[in-house]
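Hi everyone, thanks for making time. I'd like to walk you through a structure that you probably haven't seen before, so let's put it up on the screen.

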Amino acid sequence: MAKFNIGEFYAGYKPEDIPAEVKKNLTNTCDAFNIWGRQYPKPVLIKRGYRDPALNKKVGGSITSPHLLGLAADCVDKDGQLALWFMNHTALLKELGLYMENPQKTIGWVHLQTRPASQTIFNP
């Protein structure tokens, strides 16, 4: 079972350094992650949640990245099992209002976001 806390989504930033609206979004994202986490059989690590504009630029993120708004997080997925699990649980993603970037584009991690995308499993 995977269990998440809001600190993982803050990604090393101090709460006072994160805008209030972003913190609210991160809380909603964390809540959605905890719902699927209760069904996933193994622990999961958050690779990255929130990114401020400077870090986003440094890592080559899009200027419209949902990470900037607290609407996304990346999970470590070295063996691809988490991505496979989600591919088999797309109804749960839909129910939770989560969207997953095509796992063929994110080898080693799973990108999930609450910002709506064109499809539940989407290409960047």
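**Cysteines, sheet, core and pocket**

Let's start with Cys30, which is buried, with a relative accessible area of just 5%. Before I go on, please keep in mind that this is a predicted model.

Okay, so how many disulfides does the structure hold? Zero. Look at Cys30 again: the closest cysteine sulfur belongs to Cys75, and it's 11 Å away, so that's too far for a bond. For reference, a disulfide here needs the two sulfur atoms within 2.5 Å. Seen from the other end, Cys75 is in no disulfide either, with the sulfur of Cys30 as its nearest one at 11 Å. And Cys75 is buried as well, with a relative accessible area of 0%.

Now the sheet. It's an open one, built from five strands with mixed pairing, and if you read across it, the order is β1-β2-β4-β3-β5. Which strands stand at the edges? Those are β1 and β5, the latter being residues 121-122. Each of them has a single partner strand, so one side of each has no neighbour in the sheet.

Let's zoom in on β4. Strand β2, residues 72-77, runs antiparallel to β4, and six bridges join the two. If you want a pair to click on, take Val76, whose bridge partner in β4 is Trp109. Then there's β3, residues 99-101, also antiparallel to β4 and joined to it by two bridges. Here you can find Tyr99 opposite Gln113, and Met100 opposite Leu112. β3 and β4 make a hairpin, with six residues between them.

On to the nonpolar core. The largest one has 31 residues, and the members that touch the most others are Phe4, Phe33, Trp36 and Phe86. Where do the core residues come from? At least two each are supplied by α1, α2, β2, α4 (81-87), α5 (90-96) and β4. The top contributor is α2, which gives six residues.

While we're around those helices, here's a little oddity. In the loop between α1 (6-10) and α2 (20-37) sits Ala11. Most residues other than glycine have a negative phi. Ala11 isn't a glycine, yet its phi is positive, about 55°.

Last stop: the pockets. Rolling a probe the size of a water molecule over the atoms shows where empty space is left. In this model, the largest pocket holds about 480 Å³ of space. It's lined by 24 residues, and the ones closest to the centre are Arg51, Ser65, His67, Glu101 and His111. The elements giving two or more residues to that lining are β1 (46-48), α3 (53-58) and β4 (108-113). Which of them gives the most? It's β4, with three residues. As for what the lining is made of, we have eleven polar residues, seven charged and six nonpolar.

So, if you remember one element from today, make it β4. It pairs with β2 and with β3, it supplies residues to the largest nonpolar core, and it gives the most to the lining of the largest pocket. That's it from me, thanks for listening!

Notes: Residues are numbered from 1 along each chain as its sequence is written. This is a predicted model: local features need pLDDT of at least 70, side-chain atom pairs count only at pLDDT 80 or more; totals for chains, interfaces and linings use all residues. Side-chain values use heavy atoms; hydrogens and water are left out. On a 1 Å grid over the protein atoms alone, a cavity is a set of points where a 1.4 Å probe fits but cannot get out, and a pocket is an open set with protein on both sides within 12 Å along at least five of seven lines; lining residues have an atom within 4 Å of a point. Grid points are joined across faces, edges and corners, and a volume is the space filled by probe spheres set on the points. Helices (H or I, at least four residues) and strands (E, at least two) are DSSP runs, numbered from the N terminus. Ala, Val, Leu, Ile, Met, Phe, Trp, Tyr, Cys and Pro count as nonpolar, Asp, Glu, Lys and Arg as charged, and the others, Gly among them, as polar. Buried means under 20% relative accessible area, exposed over 50%, partly exposed in between (1.4 Å probe, protein chains only). Two strands pair if DSSP finds at least two bridges between them. A nonpolar core is a set of buried Ala, Val, Leu, Ile, Met, Phe, Trp, Tyr and Cys residues joined through side-chain atoms within 4.5 Å.
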